[in-house]
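Q: I am new to this structure and should be grateful for a close look at a single part of it. Please take the place where the chains meet.

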There are 2 protein chains.
Amino acid sequence: MHAEITAAWSFLAATGAEATRIPYAMLLVFGSAKLLAELFERLRQPAIVGEILAGILIGPAVLNLIRPDELLTALADLGVMFLLFRVGLEVKSSELLRVGGTALAVAVLGVVVPFVLGWGILRLWGEPQIESIFTGAALVATSVGITAQVLASKGLLHVRASKIILAAAVVDDVLGLLVLAVVSSLARGSVNVAGLATTAVLAVGFTFIVAKWGTRTLEKVVPRVQEKLRVGEAQFAMAMVLLFALSLLAVYVGVAAIVGAFLAGMALAESVGPRVHDLAHGVTELLVPFFLAGIGMHFSLAAFATPSTLALAVVILLAAVLSKFIGCGLGALRLGRADAIRIGIGMVPRGEVGMVVAQIGLSMGVIAPHVYGVVVFMAVATTLIAPPLLNLAYRELMERPSPEEEVFRLG
Amino acid sequence: MHAEITAAWSFLAATGAEATRIPYAMLLVFGSAKLLAELFERLRQPAIVGEILAGILIGPAVLNLIRPDELLTALADLGVMFLLFRVGLEVKSSELLRVGGTALAVAVLGVVVPFVLGWGILRLWGEPQIESIFTGAALVATSVGITAQVLASKGLLHVRASKIILAAAVVDDVLGLLVLAVVSSLARGSVNVAGLATTAVLAVGFTFIVAKWGTRTLEKVVPRVQEKLRVGEAQFAMAMVLLFALSLLAVYVGVAAIVGAFLAGMALAESVGPRVHDLAHGVTELLVPFFLAGIGMHFSLAAFATPSTLALAVVILLAAVLSKFIGCGLGALRLGRADAIRIGIGMVPRGEVGMVVAQIGLSMGVIAPHVYGVVVFMAVATTLIAPPLLNLAYRELMERPSPEEEVFRLG
């Protein structure tokens, strides 16, 4: 009789285990992220930091209630795609192109300084050449999602410094991809210049063409197509198709899917109504916590394993923060100290992008596990440090809008 | 030199293959579903049929561009959860409880008649006892998502027949789970009555308690909690936490996650504002095509393998349609012929629920592959047949609202 009960219950439990997986993951990640966001709002700290910490807390490093798996990674990837799409919807491409020169200077200096500093520190630490180069590369790429979320939640996407951050992040992504390609080729012993040049031309061409002519084209195409469509929520459906198509195309030409998502949003900014904003916002609100907590979930205590590793982690973190702050700040110095500081801080978070570089190095066997732990620590810590500093740097623009700052808002 | 180029490109292609997976799947499934939805709207056919056919078309049965994998299954599961949540938001639980008696009669007859007919046909066909019982069980459960989507898109959730369909579908789910548990125990050679009784009491208790007191409790709790919350979009965050919590709890007590999602929506119907409706609607619009195309993607040509299997498939399909139509229609006959027909048709789609039962039978080794193919054919075909018939049956209520029908809308 006991065996029978066990058999009947184990059947129900087995169906249950598979069936509970999705609601359990959704409840745990979304619920804990919002709980800590609420706590941080009450402590007058950025909610976004709470959501990342929620991931650290529920993840393998602390409570080990959940691990990053295929579903959570996919929801995180979709979350940051929708985040950048929503940010793109708020931005005029013409305004972004107008600040292109400054953004280019910010991005280039923001790539060179962190790379050289990261490489130099690891060489001084006695690590091998190729490992030092990979760590330098992991310090290069900015995770624009973190900064974009902070600025969007404060309604600060329209000020000059924010536009430069967004434009520089797009350039930064293209440069970061090229650095990664060069570094990976070096690890294999040869650099294919022709292949890299093709990638560079494709990536820059795609980005520039969509940014330059996307908005104008869609302003003509969207209303014409829409009046012919009979399917429900036709404008939203068109927006989603463009979002996924440009994200896919972006990956094909060699940049990140989120760059395509951002370009799709920007191209649609002038042609879709508030209904599309609201519906896309619903998806963003649901999925962004998975992106933020997902970063935290990758945090590990490997960086604290030995005093020497911990020391390296602290030095690399300092280098990561200072190198972007100084590099990007210098690139924007002609806009004045206040904007240079905002831009310097806005480019600090490395988030998921730095981790991806380190993961590739680890899977190629050119990065040791302790250095991987150090890079992950740096990637998570920079995302935690940036939001409160951003709030400080943007405080003036939030508190008292003056005529002078109105110019910034328009510029 | 050639080897170097290949190495450099294969690296980029390798990162690409992983990075393209998500935007490719999103674009293909969402894009093809909306394309066929548009086509079917133009042919004055139900858009939902187009979205299911899109899944058949891109899936393994025809073009084989994509297969149901973990990501697509998760998006489909989330899609039907949000669909039922959104439907719940439109429904007053008091009105659903008021039609409880009729709904119970509809659900019970709609379980008994299909089970007996399915079992009988397979026995007559000369199939083994246990396989016949499993096929009967696969004919039991209604996939309410299909009917709910058709009724919601026409604004017909508030008429009497629709409310009975929704209430009967909840009861049907509880009964379907018990049938499945009994059948699985039989397949193992013993039935644990005490265990089944516990499951039944838990499932019925959970459903009744949330339906009866959920709305009233949340009407008091939501405004109080909300005024204390400082996090952004607090009401949406609360709604999502309740949605995932009740979905999880539903699985724990032994009913489907979508029943929990429906109950969560219904409990919140009176206490959340239009903002939550809009944001949840955005998620629903994005994910429901994955649910619909996902059903189509499981379609296989196995049912057409031999003339004998094809004949069985046609007979089982007829039995599936007629048994629900007659069983549920009889249960609702005292409401008059028109409503009995609407309810009978509304309960026809088996969709993903029938497939799950057949999959369990297949994995237990008690269902032969050709019978599995027949059940999948029946499950997909019933979802394709029901929407146009529903449009016919509800046509009167759509075209000329009369005072008499106004009573239905209120009732």
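How many residues does the contact take from chain B and from chain A?

A: This is a predicted model, in which local features need pLDDT of at least 70 and side-chain atom pairs count only at pLDDT 80 or more, while totals for chains, interfaces and linings use all residues. Residues are numbered from 1 along each chain as its sequence is written, and chains are lettered from A and ligands numbered from 1 in the order in which they are written.

The contact takes 62 residues from chain B and 62 residues from chain A; two residues are in contact if their C-beta atoms, placed from the backbone, lie within 7 Å. On the side of chain B that touches chain A, at least two residues each are supplied by helix 1 (2-42), helix 3 (70-89), helix 8 (160-188), helix 9 (193-228), helix 10 (234-253) and helix 12 (274-297) of chain B. Helices here are DSSP runs (H or I, at least four residues), and strands are runs of E of at least two, numbered from the N terminus. Helix 1 of chain B gives the largest share of that side, 22 residues. By type, the side of chain B that touches chain A divides into 35 nonpolar, 15 polar and twelve charged residues. Ala, Val, Leu, Ile, Met, Phe, Trp, Tyr, Cys and Pro count as nonpolar, Asp, Glu, Lys and Arg as charged, and the others, Gly among them, as polar.

The arrangement of the copies belongs to the same picture. A turn of 180 degrees and a shift of 0.0 Å along the axis lay chain B on chain A with an RMSD of 0.0 Å, the superposition being by least squares on the C-alpha atoms of residues with pLDDT of at least 70 in both. That is the relation of a two-fold axis. The same surface serves both copies, since 100% of the contact residues of chain B recur in chain A.

As for the chain that lies on the other side, chain A has 18 helices and zero strands. Its C-alpha trace spans about 80 × 65 × 50 Å along the principal axes of chain A. Of the 411 residues of chain A, 57% count as buried, which means that 20 or more other C-beta atoms, placed from the backbone, lie within 10 Å of a residue's own (exposed: 12 or fewer; partly exposed: in between). Among contacts in chain A between residues at least 6 apart in sequence, 80% join residues at least 24 apart.
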